[in-house]
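Here's a quick walk through this model, strands to begin with, then the core and the ligand shell. Keep the structure open while you read.

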Amino acid sequence: MTKTLKFGIIGGGLMGREFASAAARWCHLLESDLRPELIAVCDTNPAIHTWYTGNFPTVAKTTADYRELLAMPEIDAVYCAVPHNLHAEIYTAVIRAGKHLMGEKPFGIDKAANDQITQAIRENPDVIVRCSSEFPFYPAVQAIGKMIDEHRFGRIIEVETGFLHSSDLDPNKPINWKRMIEFNGEYGCMGDLGIHACHIPFRAGWYPKNVRAILRKLVTERPDGKGGKVPCKTWDNATLFCEAADPAAPDDIFPLTVKTFRIAPGEKDTWTVRILGTETSAFFSTKNPRRLEVLEYGGGAKQNWEQIDMGYDTAFKTITGGIFEFGFPDAILQMWASFLYEIEHGEPKNRFAGCVTPDEAAASHRLFTAALESQKTGQTVSLT
Ligand SMILES: NC(=O)c1ccc[n+]([C@@H]2O[C@H](COP(=O)([O-])OP(=O)(O)OC[C@H]3O[C@@H](n4cnc5c(N)ncnc54)[C@H](O)[C@@H]3O)[C@@H](O)[C@H]2O)c1
């Protein structure tokens, strides 16, 4: 018999609705023994409430005050998807209310905010807290994770990860909260995209030892949507050059490059990982969402990149047949399956089928804070 975990959403915008939609098609999952049920929604914009009450008869409460939602004893878990300036206040309140929390990245607007969240987690060890990151659930990335587990790469030559958008290429696009420092934070594009790009290297244990960052502000003012222009102060693009090592070979330092671009011509929503190794290399990009590229080096001059159609080979089995395509809403559903799996079983189904942990989120804050320092000084900043 499937058990039910009663959920409240705080922040019912773009990502809140992605979760609600995933919860509505939980029947897609074949093996889940815990099911989310959405019973309350908090958003300061009341126009959003009607989408939830119109689509989810289980939503018994809508409110503009998250404290009212947290006071509901029947709520077991909360998904919080609000602007970054509110993360510390609301995440700590959720944790201290004893509710399990899936919080959105960057998990605090800056390192001080992230430290406050870490403190609340320490005080409440029974609460399961994770940070959202869905891209590792693409079947090709699950396959790369298995290759990492099986030590298939040999000596790591180089690792590059990235999350590239072209959403801000148009200088006439009006500003919104994601381009305002007071809501989005000093990290800019790193706060928005960085945890996504760090998830696989961090989960593999490839933590940066240092960083030399090159950050760009390419569009310095934007339309305000009211006929005028306002300064746009957030970083658009970030390239983080790091040194890292595999825990199994701590002295074998390799370059790890993490790119987060909001202005990357030709890229709509491209999440990539490329691992070059002496024995095997692998590449995946959401540009070709079903394709895994692998190069097995067997000696001599021959080097063939093999292109493998991955189909729908997911960590959490679904009704979709194995030959079909996998996409963004599927990754969201898999990520939520993994969150509920971790609540039920206390650990991820496999190492790379787990949401970002608070420790990994904290490591990303150390990296992005060091990157800001590196940009300011032009120096390489140590992280050890
Ligand atoms: N995982 C992903 O792929 C992904 C994608 C986009 C955004 N995000 C993250 O999700 C979070 C939200 O982003 P979004 O794109 O959904 O933004 P959004 O602007 O679409 O939604 C945010 C919602 O929060 C509401 N809100 C603001 N203040 C509030 C308050 N005090 N109490 C309750 N609700 C409040 C707003 O009215 C809005 O509806 C951010 O942390 C962002 O970085 C994650």
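E4 and strand E5 (residues 100-103) run parallel and are held by four bridges; strands here are DSSP runs of at least two residues, helices (H or I) of at least four, numbered from the N terminus, and two strands pair if DSSP finds at least two bridges between them. This is a predicted model, where local features need pLDDT of at least 70, side-chain atom pairs count only at pLDDT 80 or more, and totals for chains, interfaces and linings use all residues. Residues are numbered from 1 along each chain as its sequence is written.

E4 (residues 77-80) also pairs with strand E1 (residues 3-10), again parallel and over four bridges. Here are two bridge partners:

| Residue | Stands opposite |
|---|---|
| Phe-7 | Ala-77 in E4 |
| Cys-80 | Gly-103 in E5 |

Cys-80 turns up again in the largest nonpolar core, which has 107 residues; Ile-9, Ile-10 and Cys-80 are among those with the most contacts inside it. Such a core is a set of buried Ala, Val, Leu, Ile, Met, Phe, Trp, Tyr and Cys residues joined through C-beta atoms within 7 Å, buried meaning 20 or more other C-beta atoms within 10 Å of the residue's own, placed from the backbone. Helix H8 (residues 189-204) gives the largest share, nine residues.

And the ligand? Of the 22 residues around the ligand (C-beta atom, placed from the backbone, within 6 Å), Gly-11, Gly-13, Leu-14, Met-15 and Glu-104 come nearest. By class, that shell holds ten nonpolar, seven polar and five charged residues.

Key:
A residue is buried if 20 or more other C-beta atoms lie within 10 Å of its own, exposed if 12 or fewer, and partly exposed in between; C-beta atoms are placed from the backbone. Ala, Val, Leu, Ile, Met, Phe, Trp, Tyr, Cys and Pro count as nonpolar, Asp, Glu, Lys and Arg as charged, and the others, Gly among them, as polar.
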